[in-house]
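Please examine the sequence and the model shown here before reading on. The paragraphs after it lead from the overall picture to individual strands and residues.

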Amino acid sequence: MSDSPKFDDVFAPLRKAFPDVKFEQVLDSKQDVAHVPTEDYLPFVAAARTAGFDVFVDLCGVDYLRRAPRFEVVLNLLSHEHRRRLRIRLGVSGTEPVVPSITPVFPGANFYEREAFDLFGIIFEGHPDLTRVVLPDDWEGHPLRKDYSVGSVPVRFKESPKAQ
Amino acid sequence: MSDTPNVVTGDSEAPTTEAPVAPESTASQTADRKRQVHDMWVAGTEEPAWMRSYTNEGAQEMLDADDEHLLGLTGGTVAGDDVADDELQILNMGPQHPSTHGVLRLHLELDGETIRRVKPIIGYLHTGMEKTAETLTYMQGSTNVTRMDYLSPLHMELAFSLAVESLLGVEIPERGQAIRVLLTELNRVSSHLVWAATQGTDLGAVSMMIFGFRDREYILQFFEKVTGLRMNHNFIRPGGVAADLPDGWEEDIEVILDKVPQGVSEYEELFNGNPIFRDRTMGVGVITPEECKAMGVSGPMARASGINWDLRKAFPYSGIDQYEFDVPLGTHGDVWDRYLVRMEEIKQSLGIVKQVLETMPSGDYRTTDRKVTPPPRKRIDESMEALIHHFKLFTSGFKVPAGETYCAVESPRGELGMYIVSDGREKPWRMHARTPSFNHVQALPTMMTDSLVADIVATIASADPVLGDVDR
């Protein structure tokens, strides 16, 4: 990573264009994170793509349960040109988890957004086919939410007294 | 979603106060029932209405063909006006199909022999491993992740361990790093050998199945000797590796370095000049560099399209930058180039293994940080604190500072990333695995549309998806 371009050189245009987006460097400045407000999300992702972060890597949801914006959508982008990653974090309300879909910018987000919808119930507005992807269609609930129990199967051992 | 299928309406199941009346003619009812079942399963008629709510696969229908945005997303073309709707055929390939490499289902829309649209349907192997990870400590975590990509378990463990170590801030001793490189590069070879075996079989070279698995056996036997298991090793753990290499490992590596290249030259003899293989792979399943980037396609698939990107070179991990190796590149992005790239990767990985063999440093194979690694067996007999440490580590695990991290390694299939959110306790708050096969399955429509039905298997095999990796 030593020969990667400096943080300021890469992100200066993005910081200028989006004053509301907070940049930070975590873990001994090795990873770059951008905290994006919802209204800036789609334009920021499009701008990041034109700024060189043109490889779609990953998108996932996180449930922080007791925190103010309950959910978070975490998007990972990669720039071959700058040899840097950019992680975009977007807070999503727990009562109305709706965010714009980035599939117009990155078609690769298609399955990932479906997965986040499937497992967290986050709605991606503008996604052409927002259906469950890994779970059956008639599944109830969104299992990766923190208030969704892990579940268990009761086991009765041979010698134990009969359950009531 | 508003269009969720109706479950059961209350009226039909209305509780009745009357005692249930015994059916008068059970025989005729049984006959009715039998006919219904016969109609459904044998005669191939429409599903009866009572069955439909249970087999509703509404979400898995082909999408609206008129939606241009959607077509741009999934690839594919709409059959021209000269093709009547009833000439299009819907074909379900999989989930139980040997050439889908697991339980992948492809929903194909065919216009004669030409594929118009494809929709991959996944989830048949979903076991909720990301949810399970939240209930396991960081020490147990690698047991879980190793089961995701069952052809390259050591890469999964490595990605998980690197992510946890980046949060902990521990350094791994040189020998531990060298063992990690040795095992993961061998794992790359063994995974590529399975790919070669299946790619050959899918295109009719059935003897490849035997050749590929024969040579993989040398590596699996070495893994068994080192880790105790042929698959799902749980050997690379946060803090280092589980044990030192066994005595005489050098001889085993030398056998591998002798036998596997012989096998690889045999495959090349079988494939390179074979007109059938060349015809069936050249110009088939093409994906462009731009599509690779937008779809998140990585690894040998992206390199076959000419993208010079290897995480081992770009973001070196575990000291892999000390070893010399080349990154093979293709130009056309077709199945043939992927074949060439993977064959060369086998040779390059064996080259790294040879360098590790020559330069294996001495020293500790895991970090000496007692918060992460259990104390040596000897110390437990001598010191009360060591015993307590050992007990605490194996019962409640170690705490990881709060924070979030994303670490990625170059797995045989591509970028394998691990995103971990820690809240400062012994178990991850959230663990997400970014698995390369997920993107590659997603990109299948882009590669397949407008090609012939016969090219499906060649394209799937060249994408080398592992369905455990896709569904998790």
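What follows is a guided account of this model, with chain B as its main subject.

The model is predicted, and its overall scores are ipTM 0.88 and pTM 0.83. For chain B the mean pLDDT is 82, with 82% of the residues at 70 or more. Two stretches of chain B call for caution. Over residues 1-23 of chain B, pLDDT stays under 50, and the model has seven contacts beyond four places in sequence for this stretch. Residues 50-59 of chain B likewise have pLDDT under 50, with 13 contacts beyond four places in sequence. Where pLDDT is low, the predicted coordinates should not be read in detail.

Chain B contains 20 helices and eight strands. Of its 472 residues, 45% count as buried. Among the contacts in chain B with a separation of 6 or more, 70% are between residues 24 or more positions apart. One pair of residues distant in sequence is E254(B) and K354(B): 100 residues separate them along the chain, while their C-alpha atoms are 8.3 Å apart. E254(B) belongs to helix α9 of chain B, which spans residues 249-271. Is E254(B) buried or exposed? E254(B) counts as exposed, because it has 12 C-beta neighbours inside 10 Å, and the cut-off for this class is 12 or fewer.

The strands may be taken next. In chain B, β1, β2 and β3 form an open sheet of three strands in the order β1-β2-β3, with antiparallel pairing. The edges are held by β1 (88-93) and β3 (114-121) of chain B; each has a single partner strand, so one side of each is left without a neighbour in the sheet. On average, neighbouring strands of this sheet are turned by 20° against each other, direction ignored. Six bridges in the antiparallel sense pair β1(B) with strand β2 of chain B, residues 105-111. Within this pairing, M93(B) has L106(B) in β2(B) as its bridge partner.

Another open sheet of three strands in chain B has the order β6-β7-β8, again with antiparallel pairing. Here β6 and β8 of chain B are the edge strands, and since each has a single partner strand, one side of each is left without a neighbour in the sheet. The twist from one strand to the next averages 15°. Strand β6 (residues 403-411) and strand β7 (residues 414-422) of chain B run antiparallel and are joined by nine bridges. The two strands make a hairpin, with two residues between β6(B) and β7(B). Along this hairpin, G403(B) has S422(B) in β7(B) as its bridge partner, and C407(B) stands opposite M418(B) in β7(B).

Why is strand β6 of chain B described as largely enclosed by the rest of the structure? The reason is that eight of the nine residues of β6(B) are buried. This strand is also an edge strand of its sheet, so the side of β6(B) without a partner strand has no neighbour in the sheet. One element that packs here is helix α6 of chain B (residues 153-168), which lies across β6 and β7 of chain B and runs at about 150° to β6(B).

The hairpin strands lead on to the interface between the chains. The contact involves 39 residues of chain B and 34 residues of chain A. On the side of chain B that touches chain A, the elements giving two or more residues include β6, β7 and β8 (430-434), together with helices such as α3 (68-74) and α17 (436-442) of chain B. The most is given by β7(B), with four residues. By class, this side of chain B has 15 nonpolar, 15 polar and nine charged residues.

The nonpolar interior completes the picture. In soluble globular proteins, nonpolar side chains tend to be buried together. The largest nonpolar core in this model has 148 residues, and those with the most contacts inside it are V73(A), L77(A), A116(A), I122(A) and A159(B). Helix α7 of chain B (residues 174-202) supplies the largest share of this core, eleven residues. Which residues does I122(A) touch, not counting residues up to four places away in sequence? I122(A) touches G61(A), F71(A), V73(A), V92(A), P97(A), V99(A), A116(A) and F117(A). Of these, V73(A) and A116(A) are themselves among the residues with the most contacts inside the core.

Methods. Residues numbered from 1 in each chain as written. Chains lettered and ligands numbered in written order. Predicted model: local features only at pLDDT ≥ 70, side-chain atom pairs only at ≥ 80, totals over all residues. Buried ≥ 20, exposed ≤ 12 C-beta atoms within 10 Å, placed from the backbone. Pairing = 2+ DSSP bridges. Core = buried A, V, L, I, M, F, W, Y, C linked by C-beta atoms within 7 Å. Axes fitted to C-alpha atoms, helices over the stretch in contact; angles between N-to-C directions. pLDDT = per-residue confidence, 0-100. Nonpolar A, V, L, I, M, F, W, Y, C, P; charged D, E, K, R; others polar.
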